[in-house]
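Student: Could you take me through this protein one piece at a time? I'd like to see how you reason it out.

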Amino acid sequence: MAIKTVFYSFHYERDVSRVQLVRNINALEGQPLLNAQDWEEVKRRGRQAIVDWIDEQMRYKRAVVVLIGRETADRPWVIYEIEKAWQAKKPLVGVRVHGLSSFGRADRPGANPFDKALGADNIPVFDPTRVDRWGGIDTKATYANLVANLEGWVAQAKARA
């Protein structure tokens with residue numbers, strides 16, 4: 001059975017434009033993306049407000065897709081989301097997004113955030129990044145590869161037994 005409703009976990013400040021590209025594929029239904037002002041409002045209300053927002057958004061999702069950029073593994077809320085999903089036995093999968101264009105530029109790959117989360121072992125991580133003949137990242141080919149494979153990769157998500 002295909003997984004269609006997912007919670008996207010990502011580093012907001014650095015990767016929100018890349019995440020929007022993923023959402024625009026329309027292969028999966030994710031939570032609403034907060035704009036910067038709305039996210040600041042949730043953060044301003046404190047730690048429990050953030051936990052409550054994450055918990056509510058993740059509650060009815062069938063899987064958690066961690067969109068991995070350069071600094072994703074260093075974000076405490078991403079680690080919280082991974083650990084929460086693992087404890088709830090929600091399937092997890094990682095998709096690298098550093099090769100997508102953000103304001104005309106690709107980024108460098110980041111560490112695997114699953115390595116920092118307690119218990120979440122052997123989670124599959126897929127990388128759609130394609131390089132051009134000069135060794136640079138081809139953001140258009142990367143996006144096309146993501147479009148062609150995203151649903152199949154999410155179908156391979158792994159849950160805690």
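Student: Which residue in E4 is the bridge partner of Val95?

Tutor: Keep in mind that this is a predicted model. Strands of a sheet pair through backbone hydrogen bonds, either parallel or antiparallel. Here E3 and E4 pair in the parallel sense, over two bridges. In E4, the residue bridged to Val95 is Phe126.

Student: Okay, and which strands are at the edges of the sheet?

Tutor: Four strands make up an open sheet, with parallel pairing, in the order E1-E2-E3-E4. An edge strand pairs on one side only, and that fits E1 and E4.

Student: Which helix lies across E1, E2, E3 and E4, and at what angle to E3 does it run?

Tutor: Look at residues 139-154, which form that helix. The helix is H5, and its angle to E3 is about 160°.

Student: Now H4: how far apart should its ends be?

Tutor: H4 covers residues 76-87, so that's 12 residues at 1.5 Å a residue. The end C-alpha atoms are 16 Å apart in the model, which agrees with the expected span of 16 Å.

Student: Why do the buried residues of H4 line one face?

Tutor: An α-helix has 3.6 residues a turn, so residues three or four places apart point the same way. In H4 the buried ones are Val78, Ile79, Glu81, Ile82, Ala85 and Trp86. Seen down the axis, they line one face because they fall within an arc of 160°.

Student: And what do those buried residues pack against?

Tutor: On the other side of H4, Pro76 and Gln87 are exposed. The buried residues pack against E1, H3, E2 and E3.

Methods:
Residues numbered from 1 in each chain as written. Predicted model: local features only at pLDDT ≥ 70, side-chain atom pairs only at ≥ 80, totals over all residues. Heavy atoms only, no water. Expected span 1.5 Å × (residues − 1). Buried < 20%, exposed > 50% of the residue type's maximum accessible area, 1.4 Å probe, protein only. Arc of directions from axis to C-beta. Contact = heavy atoms within 4.5 Å. Pairing = 2+ DSSP bridges. Axes fitted to C-alpha atoms, helices over the stretch in contact; angles between N-to-C directions.
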